[in-house]
Amino acid sequence: MKYVVVTGGVVSGLGKGVTASSIGVLLKACGLRVTSIKIDPYLNIDAGTISPSEHGEVFVLDDGGEVDLDLGNYERFLDIQLTRDNNITTGKIFQSVFDKERKGEYLGETVQVAKHVTKEVQEWIKHVAMVPVDGKEGPADVCIIELGGTIGDIESMIFTEALSQFFDDLGSDNFCLVHVSYVPVLNVVGEQKTKPTQHSVRTLRGAGLTPDALVCRSSKGLEENVKEKLSQFCHVKKTCIFTLHDVQNIWHVPLLLKDQNAHDAILKVLNLESASWELNMEEWEGRTTKYDNLHDTVTIAIVGKYTGLSDAYLSVVKALLHASLACRRKLLYKLIDSTDLEDSDTKERSDAYNAAWSLLKGADGILVPGGFGDRGTTGKILAAKYARENNVPYLGICLGMQIAVIEFARHVMNFPDANSTEFDPDTNTPCVIFMPEGSKTHMGGTMRLGSRRTFFKTTDCKSARLYGDANCIDERHRHRYEVNPDMVPIFENAGLQFVGRDETGRRMEIIEIPDHRFYVGVQFHPEFKSRPSKPSALFVGLVAASSGQLKHVLEKSGTGDTTVATKHPLSDGSLAPSQDENGHAKKQCMGPSNGTCGASEGGDDRA
């Protein structure tokens, strides 16, 4: 097994995750099988209890793992499925060490950080690296490890020590260290400054790690004299110093590295240069060029409450990007704080109110993503109401679906006090209720998580047609509340259709308003499985409806291959496919996970 470790220095937010993913793209394009690990040096067991406003979105995997958003980058770039073990945290490591100590597995030894904890890190890495990827037998050829945080942080010292020990055990031929740093440009003189990177590399060496390559983030490409200076003072070959300057979209990053022959340098460090690797980046280059040449735009308003940090809705934005490319549209998205849509008497709030409504009314489509808590829910309900009444395409995800249900009950069915028990435990019209199997005392990992099966009650609906006339689909979930199944008949009599349900028929998964251009709500998170070459069907539906292409999309979507169940458990009472101990269906049953667009009839056009 070969390992590529990506570290970062100077400042956070340099794009280590994108860099690690891009290196994976290059190695995969060479014909190598690649897997990835993200190390997060915080004490949380996982990312599930961290606020999106602080740490960005919580990415959910098929196995229900709530992980760092960088694993989303890995899955999207490399088109692989990872597990919760691919995200290592300090909390996980210490928990494992404590469990072993309590069981007596250390045989009376004094448990120490520099010995037992660092060894646990190494054993975890080796175990995860050997897990088969991309549906094939056997481990990957290369494991890419991203160390979160910044070199020199006290939180990451355990991991730098573990990686230093790991390097000694593996040997130089099996370990390549790529250090991502920042080269600022002083506006006063316009000169690129290398001193921050020099200090960062010195700190890295002091931790027992020697960089084999430098990836330097800067507003412009590195000048030759700057490369020479970095090579001299950081003791890294000039041919192993690469620049990642600002680009218009991150799909350019692998191409920037390719143009600088970063793959050759990494393969040489890993002693793989003697093999015959033929780099094939045609699909990636075609996709990037195609998006750069798009001119017609589509504007989607994302109405949420974590708008202070764009990474809070990262996967949603990426899924919209994938869908807009399939529909040959340049994506323009507007983040609208849902609280700004709510009435207020103060002048300051009135200005925000007018600006928010102006953005909403100027959008071609509206998306309300997932979230928790009652702050901003009134604004989200108003956005859903506006979309329904004005025939504006709407996609509600998780909470966004529940918001649509509440709005429909209040303004169509005349239940003014309709609400979720999450927001009003004493409501007389509980449209959304707490799931009976949930926990109200423990937060982490107690939701309905991971890949679950949805069965279409009918295939004569927009959602099923977008999924290629599938009878059932598998999508990832993350929620504690659900639509009240006892109220479903009343809703359907009023015109809100529940077209998708779980295997029991009592858990609602997909809603639609049939006579609307596109008004869809889903309890799951389709954004987590969207890929650049396989955009989410429902996101394609939203973008297509917002750009006047939905009719053609629906005509094309039904022509794809499908693998479907032989019976609808919701129509004849038959049982769903057998489930494992976690309640996940064992047998795969889904139509194409990607949607096609009117302008995308050929396979290469959908790249």
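Me: Before we look at Val-10, how are helices and strands named here?

Reply: Helices and strands are DSSP runs, numbered from the N terminus. This is a predicted model, and in it Val-10 sits in the loop that links β1 (2–8) with α1 (16–29).

Me: Thanks! What is the phi of Val-10?

Reply: Val-10 has a positive phi of about 75°, although this residue is not a glycine.

Me: And how much of Val-10 is accessible?

Reply: Partly exposed means between the cut-offs of 20% and 50% relative accessible area. Val-10 has 33%, so it is partly exposed.

Me: Which loop holds Asn-391?

Reply: Look between α14 (377–389) and β15 (394–397), where Asn-391 is found. Asn-391 is not a glycine, yet its phi is positive, about 60°. Its relative accessibility is 31%, which counts as partly exposed.

Me: Now the sheet, please. In what order do its nine strands come?

Reply: Two strands pair if DSSP finds at least two bridges between them. Here the order is β13-β12-β14-β15-β23-β22-β21-β18-β19, in an open sheet with mixed pairing. The edges are β13 (330–337) and β19 (472–479); each has a single partner strand, so one side of each is left without a neighbour in the sheet. On average, neighbouring strands are turned by 25° against each other, direction ignored.

Me: How many bridges join β12 to β13?

Reply: Eight bridges join them, and the two strands run parallel. Strand β12 covers residues 297–304. For one facing pair, find Ala-301, which stands opposite Lys-334 in β13.

Me: Which strands does α14 touch?

Reply: Helix α14 packs on the sheet and touches β12, β14 (365–368), β15 and β23 (519–522). The direction of α14 makes about 145° with that of β14. Another helix to find is α15 (residues 399–411), which lies across β14, β15, β22 (508–512) and β23. Helix α15 runs at about 115° to β15.

Me: Last topic: the inside. How many residues are in the largest nonpolar core?

Reply: A nonpolar core joins buried residues of certain kinds through side-chain atoms. The largest one here has 104 residues, and those with the most contacts inside it are Val-4, Ile-23, Leu-27, Ile-144, Leu-320, Leu-367 and Phe-539. Apart from it lies another core, of 42 residues, among them Ile-336, Ile-403, Phe-423 and Met-487.

Me: What is Phe-539 in contact with, leaving aside its neighbours within four places in sequence?

Reply: Its contacts are Val-316, Ala-319, Leu-320, Ala-323, Leu-367, Leu-395, Ile-397, Pro-526 and Glu-527. Two of these names, Leu-320 and Leu-367, also appeared among the core residues with the most contacts.

Methods:
Residues are numbered from 1 along each chain as its sequence is written. This is a predicted model: local features need pLDDT of at least 70, side-chain atom pairs count only at pLDDT 80 or more; totals for chains, interfaces and linings use all residues. Side-chain values use heavy atoms; hydrogens and water are left out. A nonpolar core is a set of buried Ala, Val, Leu, Ile, Met, Phe, Trp, Tyr and Cys residues joined through side-chain atoms within 4.5 Å. Buried means under 20% relative accessible area, exposed over 50%, partly exposed in between (1.4 Å probe, protein chains only). Contact means heavy atoms within 4.5 Å. Helices (H or I, at least four residues) and strands (E, at least two) are DSSP runs, numbered from the N terminus. Axes are lines fitted to C-alpha atoms, for helices over the stretch in contact, and angles run from 0 to 180 degrees between N-to-C directions.
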